[in-house]
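Trainee: I have a new model open on my screen and would like to learn how to read it. Could you walk me through it?

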Amino acid sequence: MRSSHVWSASGLLTPEELEITAPISDATTILERIKRKELTAVQVVTAFGKRAAIAHQLLSCLTDFFLEEALIRAKQLDDSYLKTGELVGPLHGLPISDHMDVAGHKSGSGFSGDILDPAPSKHGSIAQVLYDAGAVFYCKTNLPQAIMHLETYSFWGQVVNPYNTLLTAGGSSGGCSALISFGGSPMSTGSDIGGSLRSPAAACGLWTLKPTTLRVPQGSGSSPVSGADSIVATFGPICRSLRDINLWFSVVLGSKPWLHEPELVSIPWRISTPTSWSGSNQTIRLGVMWHDGVVLPQPPIRRALKKLVDALATTQAFEIVEYSPFKHLEASELAHELYFVDGGAHIRARAAATGEPILPLTEWAITLPAVKNHTIDELWHLNLRREALRREFLQHYNSQEVDVVLCPVGPGPAPPLGTAKYWGYTNVWNFVDYPAAVFPTGLHADQLLDVKDTTIRTWMSNADMAISTSYDPKDFAGAPLSLQLVSRRFADETVVQALREIAKVLPLE
């Protein structure tokens, strides 16, 4: 089933509101129109609020909705602009959906017990930066139980994909991605500790950048286990365009958050600084990782990756080489062990406090073979293993002599509901803490083009066999095909600058 065009068929939005919220209109465009006084903040917030209300009824993407409060804020912004002729900030009047701490509205980690906790009295660090820049908060988005899923299913409901409601919208920020893809938000803020920005963006054909940790504020209101920091979450936008990625980071890092959070590194957003590329004639040396050595991508993803590489080969901007995967299975499994060093005890206790059942994907995540309750000494040794493998990984990356790596985001398009169990294409980059962007290719799954493999081959792993043999091209009708671009730690701007060149051949057809 598909949810497309329901917004227009509902008759609840005016033609102007349909035009304001159309997915081809990104946040940058909306802000430019507000600045030129073609639109008011009230008009924009009303339009997105109405479309968000429709989205939730179809996709189960929200946990809170406070449009009246948002309209008061929007009216204040309009009045200020009319009186002073000055915008409050670079996000003046932009509606932003969120699952971070917003003052007066409860946050959580996907458990029913969250509703018993008090609402925060002030905005979290990232929310405050966005608010000070003129953003308008109007809703909060759904998260999976315990946050640690590549799908979004909690007691609030199961978030489904606007392109095909039999597929997931990704996780953990699946409420964000479903809402934006449906047209109910121009931009969201989410977190990523194993793929939670990139999986939803890929599933719904959107853009994101998971930055290197300790560059942006650590946020609040979405920690799976407070204090567990062997693998650190980081925060970023899910949005409609590459330039909206640049907008979000320009605003957040332009606030100099390192002056308020001592653990952050003081690196401004340096997108205007030219990059010295490694390829011949100063071209971008692009490494292509066709698979991760653990799971061969399904036919739609292989088609999208090959088509993009072929398109890039016709340009003068890239020197394209093969990139060999390195110990992805070991890195992914060690990451899972480090996520749940208490053996899942905290998660089970959160559920038991209200008698909430553990959902299947939560149970799967905390019963993997490596997940157990570790002693302090065992945890120390795990962290030593992590650092040793990170050093090995960096040596391997350097030996490939590439600026960026182009690779899949996952083994297939958005997975059928309840099946997203392979994290290796995303969480390996969390493990080594490399920045990674996801972008839509413009292609979609097509059962006539993406036929099931019939050739006999040797399986690379049990996951490879399961994902390949379960593939049915009919399952993915209409699903967008997205890819991932990665570089070394703290080379976030390098990823964005390389993606600017890639974007010149997008969308593919």
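Mentor: Let's begin with a term. A residue is called buried when its relative accessible area is under 20%, exposed when that value is over 50%, and partly exposed in between. Gly195 has 0% relative accessibility, so Gly195 counts as buried. Keep in mind that this is a predicted model.

Trainee: How much of the protein is buried, then?

Mentor: Buried residues make up 60% of the 509 residues. On the outside, the protein exposes about 19800 Å², and carbon and sulfur atoms supply 57% of that area.

Trainee: What about overall size? What radius of gyration does the protein have?

Mentor: The idea is to hold the value against what a compact globule would give. For 509 residues that would be near 23 Å, and the protein has 22 Å, so the two agree. Along the principal axes, the C-alpha atoms fill a box of roughly 65 × 60 × 50 Å. You can also look at contacts: among those between residues at least 6 apart in sequence, 80% join residues at least 24 apart.

Trainee: On to the fold. How many helices and strands are there?

Mentor: The secondary structure comes to 17 helices and 13 strands.

Trainee: And how do I read a sheet?

Mentor: Start with the general idea: strands of a sheet pair through backbone hydrogen bonds, either parallel or antiparallel. Here, 11 strands form an open sheet with mixed pairing, in the order 1-3-2-6-8-7-12-13-11-9-10. Strand 1 (62-65) and strand 10 (318-322) stand at the edges with a single partner strand each, so one side of each has no neighbour in the sheet. From one strand to the next, the twist averages 25°.

Trainee: Can we zoom in on one pair? How many bridges join strand 9 to strand 11?

Mentor: There are 3 bridges between strand 9 (residues 284-288) and strand 11 (residues 404-408), and these two strands run parallel. To see one for yourself, find Leu286: its bridge partner in strand 11 is Val404.

Trainee: Which strands does helix 6 touch?

Mentor: Helix 6 (residues 125-132) packs on the sheet and touches strand 2 (95-98), strand 3 (136-141), strand 6 (187-192) and strand 8 (234-239). The direction of helix 6 makes about 145° with that of strand 3.

Trainee: Where does UniProt place the feature "binding site"?

Mentor: The unreviewed UniProt entry places that feature at Ile147, Ser172, Ile193, Gly194, Gly195 and Ser196. The trick with such a list is to compare sequence with space. These residues span 50 residues in sequence, yet no two of their C-alpha atoms are more than 11.1 Å apart, so they gather at one spot.

Trainee: Two glycines in that list caught my eye. Where do they sit?

Mentor: Gly194 is in the loop between strand 6 and helix 8 (198-203), and Gly195 has its place in the loop between strand 6 and helix 8 as well. Gly194 is buried, with a relative accessible area of 2%.

Trainee: What are they in contact with?

Mentor: Leave aside neighbours within four places in sequence. Gly194 is then in contact with Leu150, Tyr339, Trp423, Thr426, Asn427 and Asn430. For Gly195, the contacts are Leu150, Gly171, Pro200, Thr426 and Asn430.

Trainee: How do I spot unusual backbone geometry?

Mentor: Check omega and phi. The peptide bond from Gly171 to Ser172 is cis, with omega near 10°. Ser172 lies in the loop between strand 5 (157-158) and helix 7 (174-182). The bond from Leu506 to Pro507 is also cis, with omega near -5°, and Pro507 is in the segment after helix 17 (492-502).

Trainee: And phi?

Mentor: Look at Asn281, where phi is near 55°, a positive value in a residue other than glycine. Gln282 is not a glycine either, and has a positive phi of about 60°. Asn281 belongs to the loop between helix 9 (242-254) and strand 9, and Gln282 is placed in the loop between helix 9 and strand 9 too.

Trainee: Is Asn281 buried or exposed?

Mentor: Asn281 is exposed, with a relative accessible area of 76%. For a case in between, try Arg350 in helix 12 (residues 345-352): at 24% relative accessibility, Arg350 counts as partly exposed.

Technical notes:
Residues numbered from 1 in each chain as written. Predicted model: local features only at pLDDT ≥ 70, side-chain atom pairs only at ≥ 80, totals over all residues. Heavy atoms only, no water. Pairing = 2+ DSSP bridges. Helix = DSSP H or I, 4+ residues; strand = E, 2+ residues; numbered from the N terminus. Axes fitted to C-alpha atoms, helices over the stretch in contact; angles between N-to-C directions. Contact = heavy atoms within 4.5 Å. UniProt positions renumbered as here; feature names shortened; annotations may be inferred. Buried < 20%, exposed > 50% of the residue type's maximum accessible area, 1.4 Å probe, protein only. Rg over C-alpha atoms; globule rule 2.2 N^0.38 Å. Areas by Shrake-Rupley, 256 points an atom, 1.4 Å probe, with all protein chains shown as cover.
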